[in-house]
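This report covers backbone outliers, selected residues, aromatic pairs and the overall build of one chain. The sequence and the structure come next.

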Amino acid sequence: MTVVSDDQFKNIRPYNDSEVEPILAKLAQHEELIATIVNYKYPRLAPVFGWLLKPLAKWYLGKQIKPITNVHDFQLVVEGYMTKMIDATTTSVTHSGLDSLDSSIAYLYMSNHRDIAMDPALLTYTMYQNGHDTLRIAIGDNLLTKDYVSDIMRLNKSFIVNRSAVGPRKILAAYKQLSAYISKSLSEDRVGIWIAQREGRAKNGLDGTIPAIIKMLTMNFDRKTDIFADFVRKLNIVPVAISYEYDPCDGDKAKELYIKHSEGQYQKAKQEDVNSIAVSIEGNKGNVHIAFGQPMLGDFDTPELVAAEVDRQIFSNYVLHPSNFFAYKELHGVYPIGNYSAANIPFNSSKLKAEARKFYARLSAIATEHKPYFLQNYANCIQQKIDFGFMPNPLT
């Protein structure tokens with residue numbers, strides 16, 4: 001096996017331990033970062049007393065980062081903030097299937113994509129809490145519009161997906177580099193990877209793996225000497241289904257889909273993705289479940305077959321919440337039947353009335369013209385289970 005140097009990935013890889021202290025020292029003096037912290041923590045006081053709060057914030061930040069000397073130290077600090085966020089914004093975070101995975105193996109975790117930041121954050125947090133190492137996380141450069149944001153993400157084991165490349169040659173070079181880095185992480189570094197099954201969130205609740213993602217992952221496949229199915233097996237792909245009882249960005253997603261439908265296109269505002277991250281971190285998520293699938297070790301001869309198996313496992317393992325049932329009934333007039341019927345639901349039926357009040361209060365706050373899109377975001381995961389034969393169709 002040829003050992004590949006990290007130098008060729010320097011522009012996209014996470015930071016190494018030796019880079020942590022100088023990067024943190026730079027961040028501690030970053031005026032825009034300091035101003036962002038002050039404006040976020042003290043939105044009312046910042047306009048008047050920013051001159052006083054900024055030096056205090058800089059001193060406090062310096063104090064916090066002083067003991068951090070490596071990536072693990074940094075992630076321990078992140079873990080503390082994650083724990084507080086989970087306690088404040090979720091009812092529970094549960095998981096299934098993780099016990100059957102070997103913590104010594106570097107898997108490629110491919111999940112559905114509902115939330116920019118929370119999908120990989122909750123996944124890797126859950127794994128770490130259960131004896132697995134944290135993952136390297138794929139993140140699009142469209143989210144790294146500020147240099148300090150890029151630094152923070154790369155300190156937290158994120159690597160960059162170059163989506164801003166222009167022109168066929170540059171795009172091809174960017175994806176070859178990305179594919180090579182992922183292969184190196186899994187086979188040489190023995191560090192697991194998280195990547196979404198598609199580019200961009202599923203805003204209508206319909207999950208689906210894009211075969212182009214599989215083609216990117218297998219760019220190192222040599223048709224002359226390698227067998228495609230063997231190459232796929234070496235990736236150790238594990239499909240993961242992440243389900244949220246409530247999506248903090250559900251109203252924004254519904255508005256975007258309505259505008260796209262009525263006007264033909266939707267133009268994102270500046271920093272809209274960054275604002276979505278803030279909303280999703282702070283917003284109520286209710287119950288969250290992370291369902292780990294089985295490693296894909298079968299004979300998958302094409303990218304399309306790989307994508308289909310990822311979809312099959314995600315649709316099969318996706319755990320439903322009361323919000324999904326209420327939305328489906330609003331759209332179709334009946335509850336789903338079968339393993340998840342109204343009389344045999346995978347949640348506490350004694351609390352259904354309280355759950356219904358929460359859901360309909362949320363629905364009432366949505367503009368009338370946006371409501372169908374809001375409901376689809378919650379109901380379509382049931383529709384996908386029905387379409388793929390995992391639940392009976394109550395309408396037939």
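## Positive phi values

Lys-157 has a relative accessible area of 12% and is therefore buried, the cut-off being under 20%. In this predicted model, Lys-157 sits in the loop that runs between helix 6 (147-155) and strand 4 (158-161). The phi angle of Lys-157 is near 70°, which is positive although the residue is not glycine. Most residues other than glycine have a negative phi.

Asn-236 is another non-glycine residue with a positive phi, here near 50°. Asn-236 belongs to the loop between helix 9 and strand 6 (237-244). With a relative accessibility of 16%, Asn-236 also falls in the buried class.

## His-30 and Glu-32

His-30 is located in the loop between helix 1 (17-28) and helix 2 (31-41). The relative accessibility of His-30 is 16%, so the residue counts as buried. Once neighbours within four places in sequence are set aside, the contacts of His-30 are Asp-147 and Tyr-148.

Glu-32 is part of helix 2. The relative accessibility of Glu-32 is 34%, which places the residue in the partly exposed class. When residues up to four places away in sequence are not counted, Glu-32 touches Lys-146 and Tyr-148. Tyr-148 is thus a contact of both His-30 and Glu-32. The C-alpha atoms of Glu-32 and Val-149 are separated by 11 Å, with their positions 117 residues apart along the chain.

## Phe-292 in strand 7

Phe-292 is found in strand 7 (residues 286-292). At 4% relative accessibility, Phe-292 is classed as buried. Which residues does Phe-292 touch, not counting those up to four places away in sequence? The contacts are His-95, Ser-96, Gly-97, Leu-98, Leu-101, Tyr-109, Leu-123, Met-127, Pro-239, Val-240 and Asn-317.

Ala-327 is 35 residues from Phe-292 along the chain, and the C-alpha atoms of the two are separated by 25 Å.

## Aromatic pairs

A search of the whole structure gives 15 aromatic pairs. In one of them, Phe-221 and Phe-231 meet edge-to-face, with 6.2 Å from centre to centre and 70° between the planes. Phe-221 is in the loop between helix 8 (211-217) and helix 9 (228-235), while Phe-231 is in helix 9, so this pair ties together parts that are ten residues apart in sequence. Phe-221 is buried at 17% relative accessibility, and Phe-231 is buried with a relative accessible area of 14%.

The ring centres of Phe-326 and Phe-359 are 5.7 Å apart and the planes meet at 45°, so this pair counts as tilted. The pair links distant parts of the chain: Phe-326 is in helix 13 (residues 322-332) and Phe-359 in helix 14 (residues 352-364), 33 residues apart. Phe-326 and Phe-359 are both buried. They belong to one aromatic cluster, together with Tyr-246, Tyr-360, Phe-374 and Tyr-378.

## Overall build

The chain contains 15 helices and seven strands. Its radius of gyration is 22 Å, close to the 21 Å that the globule rule gives for 396 residues, so the chain is as compact as a globular protein of that length. Along the principal axes, the C-alpha atoms of the chain fill a box of roughly 65 × 60 × 45 Å.

What share of the 396 residues counts as buried? The figure for the chain is 49%. Where contacts join residues at least 6 apart in sequence, 77% of them are between residues at least 24 apart.

## Surface and charge

The accessible surface of the chain is about 19,600 Å², and carbon and sulfur atoms account for 55% of that area. Its side chains include 44 positive and 43 negative ones. The centres of these two sets lie 4 Å apart.

How values were computed
Residues numbered from 1 in each chain as written. Predicted model: local features only at pLDDT ≥ 70, side-chain atom pairs only at ≥ 80, totals over all residues. Heavy atoms only, no water. Helix = DSSP H or I, 4+ residues; strand = E, 2+ residues; numbered from the N terminus. Rg over C-alpha atoms; globule rule 2.2 N^0.38 Å. Buried < 20%, exposed > 50% of the residue type's maximum accessible area, 1.4 Å probe, protein only. Contact = heavy atoms within 4.5 Å. Areas by Shrake-Rupley, 256 points an atom, 1.4 Å probe, with all protein chains shown as cover. Lys, Arg positive; Asp, Glu negative; His and termini not counted. Charge placed at Lys NZ, Arg CZ, Asp CG, Glu CD. Phe/Tyr/Trp six-rings, centres within 6.5 Å; stacked < 30°, edge-to-face > 60°.
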